[in-house]
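This briefing introduces a protein structure for a first-year reader. It begins with the fold and then turns to a metal site.

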Amino acid sequence: MELKKISFPYFTITMRILHTADLHLGQTLYHHYLRDDEHRHFFKQLKEWILEYKPDVLLVCGDIFDVPRPSSAVWQEFTKTFVDLHDACSDMCIVIIAGNHDSPSTIQAHSEIWKLADTYMIGSAPPAIDTSARWEENYIIRLKSGYIVALPFMANDRMEVYQRLLEYVNSENENNLPVILTGHLTITGSDITGHSDQIGNVRAVDADAIYSGFDYMALGHIHRPQTINHADLIMKDEVELSAPVIRYSGSALHVSCDETYPHSVSLVDVDSHSGKIRIKQLWIEQLRHFYTLPLNKEESFTSEKEVLKELKKFAADHTNGYIRLRIDYHVDLSSDFNNQVYSILEEGGNDLRYNPKIIWTGKSEDKSDISQIDNSVIDVAELQQMTSPMEFVISTLEDYPTLTKDEIIDTFKDIEEFLMNQDN
Ligand SMILES: [Mn+2]
C-alpha cells in the first residue's frame with residue numbers, strides 16, 4: 001500500500017529505526033581494488049540521514065567486515081566511523097550483530113567497551129537454552145521506545161532461541177511497546193539475485209518457522225532490499241504495512257557486479273506492538289557503478305579488436321566504475337589481453353576498474369566425446385556462470401558419465417567444507 005492511499009491516518013511514531021546490513025568493510029574487489037572510499041561515501045550519506053531523521057536506533061544486521069580477520073586499518077576505520085555516527089546523534093542507540101562473514105568471538109570481545117558509546121555489539125550466539133541462567137539478558141536491549149531482541153548469525157538456525165526470547169520480552173511488555181528482532185539468515189523465497197557464490201553457505205529458513213510476537217524483523221545476509229511476502233513493493237519509496245514485517249535492508253554497496261538493482265537503507269517507523277509499520281527506502285548513491293559491456297544486454301563482442309575499440313570509447317565518456325566484458329565463446333583472446341584492457345582503462349588517470357571474469361556467451365564445443373576433454377579441467381568461464389551447485393553437478397555428470405550423482409555431490413561437499421574451514 002502506498003502512503004498516500006492510507007485510510008488510517010493516525011500513526012504515532014513510537015519507535016524509529018534506521019536499518020542497514022552487509023557493510024563488508026575491508027572488501028577488496030578482483031584481488032586489488034580497495035573499496036574504502038566507497039564505504040566512506042556510504043557513511044557520509046548514512047550520517048546525513050541520521051541527522052535528518054534522528055532514529056532511536058541504528059541496526060547493522062551482520063557482515064560488518066568482509067573477512068573474519070580484518071586488518072588493523074579496517075578496524076580503525078570502523079571505530080572512527082561508528083564513534084562519529086554516535087556523536088552525530090548521541091540519543092541514538094546502535095546495535096551491531098555479527099554475520100557469517102564476521103568472527104563471532106572477535107565481535108563479542110569488543111562489545112564491553114562499545115557500551116560506553118551506547119553501541120551494542122552482539123557476536124556470539126546464545127548457548128543451549130537451559131544451561132546458563134539469565135542468558136536472555138545478553139540479547140535483549142531495552143529502550144524507552146521499545147525492545148530489541150538482537151541475535152547474530154547462528155550456524156544452525158535454532159528457531160527455538162527466537163521463540164524463547166520473544167516470550168521473555170512479551171511477558172514484561174505491559175505497555176505494548178514495539179518489539180524488534182534481528183537476524184542474519186536466508187528466508188526461503190527471498191530474491192537472491194547476486195548471490196550465486198553463497199548458496200549452500202547459509203541454510204534457508206521458512207518464514208513460517210519464525211515465531212510471532214515481534215513487530216519488525218531486521219535481517220541481513222541477502223543484498224537486495226526486500227520485504228518478505230511483498231515482492232510487489234520492492235521498488236516503492238514508502239509503504240505502510242501491519243506488523244509483523246520481515247525485511248532485508250540490503251547491503252550498503254553493490255557487493256558484486258551481479259547486484260544491478262538499486263540499494264537502500266530502510267527507515268522504519270513502528271507505532272505500537274502489533275500495530276502499523278511504515279518503511280521508507282533511502283536510496284544509496286554509489287560512488288562507483290558496475291558496467292557490463294556491451295551495454296546492450298542482448299549483444300556480445302565478437303572480436304578482440306572490437307572489445308578494445310569499444311573500451312576506448314567507453315573510457316572517453318566515463319571516468320570511474322567497474323567494467324566487465326561479455327564476449328562470444330568463439331573469440332580467441334591474445335595472451336596479453338588483460339594488460340591491454342588495464343592500460344586502456346587507466347589511461348589519462350581514469351579510475352575505471354576491471355573485473356577479469358569475462359561473461360562468455362554462445363554454445364561451448366560439443367563435449368560428448370569424453371576422450372577429447374580428458375585433459376581439460378573444468379571450464380572456468382562456464383563455472384562462473386553457474387548460479388547453483390546443482391548446475392555444476394548436472395554439467396559434470398554430462399561431461400563424465402561414468403561418475404554417479406552422489407559421487408559428484410560428495411566431492412562438492414568436501415570442497416565446500418574445505419573452503420568454509422579456510423574461512424574460519
Ligand atoms: Mn552474510
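Two strands are said to pair if DSSP finds at least two bridges between them. By that criterion, seven strands of this predicted model form an open sheet with mixed pairing, in the order β6-β5-β4-β1-β16-β17-β14. The edges of the sheet are β6 (119-122) and β14 (238-242); each has a single partner strand, so one side of each is left without a neighbour in the sheet. From one strand to the next, the twist averages 20°.

**The chain as a whole**

- The protein chain contains 11 helices and 21 strands.
- Of its 424 residues, 49% are buried.
- Among contacts between residues at least 6 apart in sequence, 75% join residues that are at least 24 apart.
- The accessible surface of the chain is about 21000 Å², and carbon and sulfur atoms account for 50% of that surface.

**Details of the sheet**

- Strand β16 (residues 264-270) pairs with strand β17 (residues 276-283) in the antiparallel sense, over seven bridges.
- Within this part of the sheet, V270 has I277 of β17 as its bridge partner.
- Helix α2 packs on the sheet and touches β4, β5 (93-97) and β6.
- The direction of α2 makes an angle of about 150° with that of β5.

**The manganese site**

- Four residues coordinate the manganese ion: D63 through OD, N100 through OD1, H184 through NE2 and H221 through ND1, at 2.1 to 2.3 Å.
- Along the chain, these donors follow the spacing D-x36-N-x83-H-x36-H.
- D63 and H184 link distant parts of the chain, as they lie 121 residues apart.
- D63 belongs to the loop between β4 (57-61) and α2 (72-88), whereas H184 belongs to strand β9 (residues 179-184).
- Both D63 and H184 are buried.

**A closer view of H221**

- H221, one of the residues that coordinate the manganese ion, is located in the loop between β12 (216-220) and β13 (226-227).
- Is H221 buried or exposed? The relative accessible area of H221 is 2%, and a residue counts as buried when this value is under 20%, so H221 is buried.
- The side chain of H221 also makes a polar contact with the side chain of N100, at 3.2 Å.
- H221 and N100 are therefore connected in two ways: both coordinate the manganese ion, and their side chains share a polar contact, defined as a pair of N or O atoms within 3.5 Å.

Definitions and conventions:
Residues numbered from 1 in each chain as written. Predicted model: local features only at pLDDT ≥ 70, side-chain atom pairs only at ≥ 80, totals over all residues. Heavy atoms only, no water. Donors = N, O, S within 2.8 Å, 3.2 Å for Na, K, Ca; no water. Helix = DSSP H or I, 4+ residues; strand = E, 2+ residues; numbered from the N terminus. Buried < 20%, exposed > 50% of the residue type's maximum accessible area, 1.4 Å probe, protein only. Polar contact = N/O pair within 3.5 Å; in protein donor to acceptor, adjacent residues only side chain to side chain. Axes fitted to C-alpha atoms, helices over the stretch in contact; angles between N-to-C directions. Contact = heavy atoms within 4.5 Å. Areas by Shrake-Rupley, 256 points an atom, 1.4 Å probe, with all protein chains shown as cover.
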